[in-house]
Amino acid sequence: MFTSIAGRAVVVTGGTRGIGKGIASVFARNGARVLITGRDSDVARAAAEELDALAVDPGEVSFIQADVSSREDCRRVAANAIERLGGIDVLCANAGVFPDSRLADMTEDVLDQVLGVNLKGTVFSVQACLPALQRSGHGRVILTSSITGPITGYPGWTGYGASKAGQLGFMRTAAIELAPSRVTVNAILPGNIVTEGLAELGEDYAEKMASSIPLRRLGSVDDIGYAALFLATDEAGYITGQTIVIDGGQVLPETLEAIAAAEAGG
Ligand code: NAP
């Protein structure tokens, strides 16, 4: 049994939909006090209400509208978390976008957007929350990276892959810099997880992906949320600068035939 994280103050950027909402839900269901962020306040308000209904103690989930690509917004989020939650124990830097843009056509605007949200947004979020995380005594930074970029590639995602691999480069040095204050910095690398964002890529994409996953299903947001919860526990306090791949085994097979052969063999 792990030490409870009940009462811990948790910030989840991009916690209004998809994976971030799943992470926020797992923390709320385990008694944490959670602040979620997103750019659309109506979506954020509705998500906070929905999550609060699942929380161990009602009133423990709140939201703030903020864009992670704005350093000022990230500072506002941290100040708000300190005011509402009394500090920050866990930062889940999860907000991200995945615009589909082939290299030959990729505009500077698209590249700026994907790096601005996914990479600079990660850095800005961690910087803003840093003093509070250092005061926590068990500060945790949990990044949502991806298998795409750090391990795999996919047409249309050169910019996205660069942003997700960049998060890991950031993480390794941040983990060293923050170790003296006992703040750990780790990253989760999801495979294909069922989210609103993924749904926008179409059914064909989801079906193609499911057939290339040894466990034969796309992941759920809870699959990611529980890994984040583990990294937030006291028991995970000696893990820093590391990655956890959560992909149903997607990156393992050398060929699709390997999956077919395994199934044929029972
Ligand atoms: P999603 O369903 O589109 O949700 C994205 C969340 O991030 C929303 O809450 C969105 O709210 C917020 N967001 C987007 N841009 C933002 C910005 N500039 N500032 C603040 N919040 C912003 O996406 P998802 O599939 O859950 O993905 C979440 C994270 O997981 C991303 O980092 C993504 O790269 C990573 N990931 C996802 C998968 C997957 O299969 N789904 C796989 C690997 C990695 P607003 O739009 O209202 O701002």
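Tutor: A polar contact is a pair of N or O atoms within 3.5 Å; inside protein, one atom must be able to donate a hydrogen and the other to accept it, and residues adjacent in sequence count only if both atoms are side-chain atoms. The model is predicted, with local features needing pLDDT of at least 70 and side-chain atom pairs pLDDT 80 or more, while totals for chains, interfaces and linings use all residues. Residues are numbered from 1 along each chain as its sequence is written, and side-chain values use heavy atoms, without hydrogens and water.

Student: Which residue has a polar side-chain atom 2.9 Å from an oxygen atom of the ligand?

Tutor: Two other contacts use the backbone: a polar backbone atom of V68 is 2.9 Å from a ligand nitrogen, and one of G197 is 3.0 Å from a ligand oxygen. The side-chain atom 2.9 Å from a ligand oxygen belongs to K164.

Student: How many residues surround the ligand?

Tutor: A residue counts if one of its heavy atoms lies within 4 Å of the ligand. By class, this shell has eleven nonpolar, 13 polar and six charged residues, with Gly counted as polar and Tyr as nonpolar. T16, R17, R39, Y160 and T195 are the closest, and the total is 30.

Student: Which element gives the largest share of that shell?

Tutor: Helices are DSSP runs (H or I, at least four residues) numbered from the N terminus. The shell takes three residues from one helix, its largest share, and that helix is α6.

Methods. Helices (H or I, at least four residues) and strands (E, at least two) are DSSP runs, numbered from the N terminus.
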